[in-house]
Amino acid sequence: MDNNSRIFKSNIIFTSTKETFDIYKNSYIAVENGKVRGIYEKIDANLEKIPIFDYTDKLIIPSFVDLHFHVPQFPNRGLGLDKELLPWLEKYIFPEEGKYNDIEYAEKVYRKLIYELWKVGTTRVSLFSSIHKESTELLFDLFIKSGLGAYIGKVNMNRNTPDYILEDTKTSIRETEEIILKYKNKSDIVKTIITPRFVPTCTSELLKGLGDLSIKYNIPVQSHLSENTNEIEWVKELEPEFKDYASVYNEFSLFGQTKTIIYLVE
Ligand SMILES: [Zn+2]
């Protein structure tokens, strides 16, 4: 064990697999270099010299992981549930996303978000930022400082979205690549994820450029798929040559060719 080792005494709940729920009463969890080495009922000779932090009668549980989080929807949470997906985006979400070209506004929201994640015990999160490069880079910097882990994606959109959050195709691809290069070696736990919002707001040319970046740098992808029947119909109209919605992502190497997180409503 190294100098960074710690032992925490407490009641511990641990889910070693999806199906199991292990309870260790009054036990010891040993942590080495930020990783759990093991859980022990008693301290043996191997562990004797390591400092013990005593949380007897408390509970230690694994932290939460949030696989889908839109940062600009944080100030809107719980609001506007009177609309379906597409009108909801237009009325409530896009106007909020437009505000993130103002880096001071963005910073206020980001700081509150990071504090709130800490408070509720979410230590890993996959984030959709907005189309704005400068704000997205600030989000990276704040997460790296915070100690929380995140995948962070600059959102890409070059059609069917209001002018104030509409990107030029080449700029969108270039800025995404600049962020990949800037942050690829800055942190082991804060990393880039390629983030086309969804097919209705991304042309084939944009999707191809993003898929190529994903393959070139081995960067994972996140997006949305078939959340709503109107959206599915719209994709059929926009991309009639594809047999279904998923095939559009698949054609451009955005559907499991690297790792992919897709938000899908059953
Ligand atoms: Zn989403």
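Which residue stands opposite Ile-39 in strand 3? In this predicted model, the partner turns out to be Ile-29. That pair is a handy way into the first of two sheets described here, but a look at the whole protein helps to set the scene.

The protein has seven helices and twelve strands. Lined up along the principal axes, its C-alpha atoms fill a box of roughly 65 × 40 × 40 Å. Of the 266 residues, 29% are buried. The chain also brings together plenty of residues that sit far apart in sequence: take the contacts between residues at least 6 apart, and 72% of them join residues at least 24 apart.

Back to the sheet with the isoleucine pair. Strands of a sheet pair through backbone hydrogen bonds, either parallel or antiparallel. Here four strands form an open sheet in the order 3-2-1-4, and the pairing is mixed. Strand 3 (35-40) and strand 4 (52-60) are the edge strands; each has a single partner strand, so one side of each is left without a neighbour in the sheet. On average, and ignoring direction, neighbouring strands in this sheet are turned by 30° against each other. Strand 2 (residues 22-32) and strand 3 run antiparallel, and five bridges join them. The Ile-29 and Ile-39 pair has its place in this story, with Ile-39 on the strand 3 side.

Strand 2 is also home to Tyr-28. Is Tyr-28 buried or exposed? A residue needs 20 or more C-beta neighbours within 10 Å to count as buried, and Tyr-28 has 21 of them, so Tyr-28 counts as buried. Setting aside residues up to four places away in sequence, Tyr-28 touches Ile-7, Lys-9, Ile-39, Tyr-40 and Ile-43. Ile-39, on that list, is the residue that faces Ile-29. Thr-56 lies 28 residues from Tyr-28 in sequence, and the C-alpha atoms of the two are 9.9 Å apart in space.

The second sheet is open too, and has four strands, but its order is 5-6-7-9 and its pairing is parallel. Strand 5 (64-70) and strand 9 (190-192) take the edges, each with a single partner strand, so one side of each has no neighbour in the sheet. Neighbouring strands are turned by 15° against each other on average, direction ignored. Strand 5 runs parallel to strand 6 (residues 122-128), and five bridges join the two. Phe-69 stands opposite Leu-127 in strand 6.

Just past strand 9 comes Ile-194, in the loop between strand 9 and strand 10 (195-196). Where a residue sits in a loop, burial is still worth checking. Ile-194 has 26 C-beta neighbours inside 10 Å, so this residue counts as buried. Neighbours within four places in sequence aside, Ile-194 is in contact with Gly-153, Thr-176, Leu-210, Leu-213, Ser-214, Ile-219 and Val-221. Asn-156 is 38 residues away along the chain, yet its C-alpha atom is separated from that of Ile-194 by 8.6 Å.

Some of those contacts lead on to a pair of helices. Helix 4 (residues 169-183) and helix 5 (residues 204-217) have axes that come within 9 Å and cross at roughly 15°. This makes helix 4 roughly parallel to helix 5. The crossing of the two is right-handed. On the helix 4 side, Thr-169, Ser-172, Ile-173, Thr-176, Glu-177 and Ile-180 meet Glu-205, Leu-206, Gly-209, Leu-210, Leu-213 and Tyr-217 of helix 5. Sorted by class, this contact has six nonpolar, four polar and two charged residues. Thr-176, Leu-210 and Leu-213 belong to this contact, and they are also among the residues that Ile-194 is in contact with.

Helix 2 (residues 103-120) and helix 3 (residues 133-146) make another pair, with axes that come within 10 Å and cross at roughly 30°. Angles under 35 degrees count as roughly parallel, and helix 2 and helix 3 are therefore roughly parallel to each other. Their crossing is right-handed. Ile-103, Ala-106, Glu-107, Tyr-110, Arg-111 and Ile-114 of helix 2 meet Glu-134, Ser-135, Leu-138, Leu-139, Leu-142, Phe-143 and Ser-146 of helix 3. The residues of this contact divide into eight nonpolar, two polar and three charged.

Definitions and conventions. Residues numbered from 1 in each chain as written. Predicted model: local features only at pLDDT ≥ 70, side-chain atom pairs only at ≥ 80, totals over all residues. Axes fitted to C-alpha atoms, helices over the stretch in contact; angles between N-to-C directions. Parallel < 35°, antiparallel > 145°, perpendicular 65-115°, else oblique. Left-handed = near helix turned anticlockwise from the far one by under 90°. Contact = placed C-beta atoms within 7 Å. Nonpolar A, V, L, I, M, F, W, Y, C, P; charged D, E, K, R; others polar. Pairing = 2+ DSSP bridges. Buried ≥ 20, exposed ≤ 12 C-beta atoms within 10 Å, placed from the backbone.
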